[in-house]
Amino acid sequence: MKQVVQNYRSGELALLDVPVPGCKPGGVLVRSAYSLISTGTELMKVSEAGMSMLGKARSRPDQVAKVVQSVATNGVPATYRKVMGKLDSYTPLGYSLCGVVEQVGTGIEDVAVGDLVACAGNEHALHAELNWVPKNLYARVPDGLAPRHAAFGTVGSIALQGVRRGESQLGDVALVIGLGLIGQLVVQLLAASGVRVVGADPDPARCELAARLGAAACGDPASAAVEAAVAELTGGHGVDQVYLAAGGGSNQPVELAARLSRDRGRVVDIGKCRLDLPWNAYYEKELDVRFSRSYGPGRYDPEYELQGRDYPVGYVRWTERRNLACFLDLLARGSVDVEPLISHVAGFDDAVETYRSLEDGDLKAVAVLFRYPGQAAKPQAPAVAVPAVNVERTSARAVRTPVRLAFVGAGNYATSMLLPHLAQRDGVTLSTVVTTTALSAANARRKFGFAEATTDLDAVLGDKSIDAVFVVTRHSSHAELTRRALLAGKAVFVEKPLALTEEELAGVLAAVEESGNDRLQVGFNRRFAPLLRQARQRFGARSGPANLRYLVNAGRLEHGSWYLRQGTEGSRFAGEGGHFIDTASWLLGADPSSVYALATPGNEDLQVVLRYPDGSTATISYLTTGPASYPKETLDLVADNRALRLEDFVRASVFFDGTAGRKRWVSSRLPKARDKGQNAELAAFIKAVRTGGPMPVRLESLAATTAATLAVQTGLAGGAPVTLARTR
């Protein structure tokens, strides 16, 4: 079999042919599927091996002390032969992998041949095709967890043990210094525990990644941003814990930890960084400095690791093996996501070249995996682009009162849901209505008092007296009309959907960039519904991930409805699904990161699962086969021992379980009609246009919701989850 080795004297890296290890009692023989390169610990060893003898001595003063002791005991010649013999031997690399059990040793009953296991240990989970792993250093991989993700088990256990040493509590604020592989995992584990996290790292890309994975704020430790974020989140008291996940010879991390900790805070050292503690700073705050020893209790105990002697759970709750199993469970349940950390997957045959690329800086990575023979390369996951909005915004001007509006389109939705509210609103003038037929324009003018009716769109877009344009036409024309109105400098309210294709979405956002005009609102009205907003306020802020379920009893369309013209107008869900995605995202306070969709054969019933960066999920059941007597929309949100229920915008309830017992809030009275937020949404849009203030919904959120809606069709076609890929 092949194994990655290094000669510590010469620095040589090699993929060596070595004998297959025997399957001893008390362990299992595991054929590797994926192994993880620790871009911190392993690269440090590789770098040290390339140093001169003096450099090696300076980097490992602990080993120099042992040599001095050996000289005193055994003399110089014997010590020299011993040291050079050790340096000139091949040593293994690696300590975190996932593989399949190929042979079971005597005394092992918890796994069988063919089981998938995650393995730990710098003597047992090596970058090798086969490894013998003792009982307490492997754990069975939960069903459904990908082997490439399970290969993170050991580094995940290191991060998990560090978090345990910090003894964080719900609502704490923590600072993570160093956002490499371990730091990124610590951020996610803390966020999943209800801790607000501030990250510190000089690398902007790592800060951006940590923010995407749950950090409340991130920044360069040398800047004022980190201190400002800590002050804001803690009211000036300082963080409850600091996790040192940085390496290197700088003493800045421990100095920053002292400065930003609260009185009697905890400082946990997980990485290998310089620890010259500034005595006054640590003494005056009486800081509690703790070390986190690798994967957890049992580490470096040969009776535990090699002989399989476990610690009683009543005395040692979390051991190495229990931490490993716990982290795998967190991965399987989606509480931690390691896929964004994977920068590169290399074939095992390319191991030496991969290490060299990492060492030379040609490959910049947070995590790198080796894929072993027999493991197919991961198929390219389908993705839908969420274009970044890079716009030099022109300053929005306040306009005169009344605000002058033009409508492009005057169909059923415009005349029943929008114009009745606007026609009665003070400070608004309905200036011009544009339709494709003269009679429909005349009817709208007569019913709602438009000053003018026309079929000439160019004249309206060129009219400088018009402040905002409403696009309320059929779906296939929304993106192009919106693009033209933005380029004309108008504020735009476009009914959903904003776009039917990725190209159309990119075109709209390109118009924003070209014109500097980001004055855009899409008709996602449900987030403005008074009853839902009142329920959300009663529910309060979350500290942990949430689960949301949204059932939409859409019903069947009448024969001949233009909604059925999928070839030109898009699918029915493409037309109105953005409503429900936007509502879910607003309630969860984030934009989705992936979409998975399933369709019921023979009809348009859909199940859409949205995944969010903090581990929250939203399931939208879009059904066309339900009875008309059943409510059209019901929504449930559950998190932190609380639940919110909305019943068709007629009744809302919020349930609490707390120290004061169980409580329930119910909307005090039934509304006279189902208010789905159109009036409040229009009021917010008109106010933004009149005052020059920000638009009611962030442009980035509008783009993300539109991309997620488009991803449903992509997912149905491919039968796999679709990543929402942010582009630059």
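**Notes on the predicted model: two sheets, two cores and a helix pair**

1. Let's start with a helix pair. Helix 19 (residues 502-515) and helix 24 (residues 699-718) have axes that come within 10 Å and cross at roughly 170 degrees. That angle makes helix 19 roughly antiparallel to helix 24. On the helix 19 side, the contact is made by Glu502, Leu505, Leu509 and Val512, while helix 24 brings Leu699, Ala703, Thr706, Ala707 and Leu710. Sorted by type, the residues of this contact come out as seven nonpolar, one polar and one charged. Keep in mind while looking at it that this is a predicted model.

2. Helix 24 turns up again in the largest nonpolar core, which has 74 residues, with Leu520 and Val608 making the most contacts inside it. Helix 24 gives the largest share of this core, eight residues. If you click on leucine 520 and skip its neighbours within four places in sequence, you'll find it in contact with Thr482, Leu486, Val492, Val494, Leu498, Val508, Met695, Leu699 and Leu702. Another core, of 53 residues, lies apart from that one, and its members include Val141, Ala151, Leu160 and Leu189. As background, nonpolar side chains tend to be buried together in soluble globular proteins.

3. Now for the sheets. One is an open sheet of six strands in the order 11-10-9-12-13-14, with parallel pairing. Strand 11 (217-219) and strand 14 (288-291) are the edge strands; each has a single partner, so one side of each is left without a neighbour in the sheet. From one strand to the next, the twist averages 20 degrees. At the strand 11 edge, three bridges join that strand to strand 10 (residues 196-200), and the two run parallel. To pick out a pair by eye, go to valine 198, whose bridge partner in strand 11 is alanine 217.

4. Helices pack on this sheet too. Helix 7 (residues 181-192) touches strand 9 (173-177), strand 10 and strand 12 (239-244), and its direction makes about 170 degrees with that of strand 9. Helix 10 (residues 252-260) lies across strand 9, strand 10, strand 12 and strand 13 (261-269), running at about 150 degrees to strand 13.

5. Just past the strand 14 edge, have a look at serine 292, in the loop between strand 14 and helix 12 (302-305). Is serine 292 buried or exposed? Its relative accessibility is 11%, and the cut-off for buried is under 20%, so serine 292 counts as buried. Not counting residues up to four places away in sequence, serine 292 touches Ile158, Gln161, Gly162, Arg165, Val268, Asp269 and Ile270.

6. Further along the chain there is an open sheet of six strands in the order 20-19-18-21-22-23, with parallel pairing. Its edges are strand 20 (452-454) and strand 23 (520-522), each with a single partner strand, so one side of each has no neighbour in the sheet. Ignoring direction, neighbouring strands here are turned by 20 degrees against each other on average.

7. Within that sheet, strand 18 (residues 403-408) and strand 21 (residues 468-471) run parallel and are joined by four bridges. Valine 408 has valine 471 of strand 21 as its bridge partner. Helix 15 (residues 412-423) lies across strand 18, strand 19 (428-434), strand 21 and strand 22 (491-494), and runs at about 170 degrees to strand 18.

Terms used:
Residues numbered from 1 in each chain as written. Predicted model: local features only at pLDDT ≥ 70, side-chain atom pairs only at ≥ 80, totals over all residues. Heavy atoms only, no water. Axes fitted to C-alpha atoms, helices over the stretch in contact; angles between N-to-C directions. Parallel < 35°, antiparallel > 145°, perpendicular 65-115°, else oblique. Contact = heavy atoms within 4.5 Å. Nonpolar A, V, L, I, M, F, W, Y, C, P; charged D, E, K, R; others polar. Pairing = 2+ DSSP bridges. Core = buried A, V, L, I, M, F, W, Y, C linked by side-chain atoms within 4.5 Å. Buried < 20%, exposed > 50% of the residue type's maximum accessible area, 1.4 Å probe, protein only.
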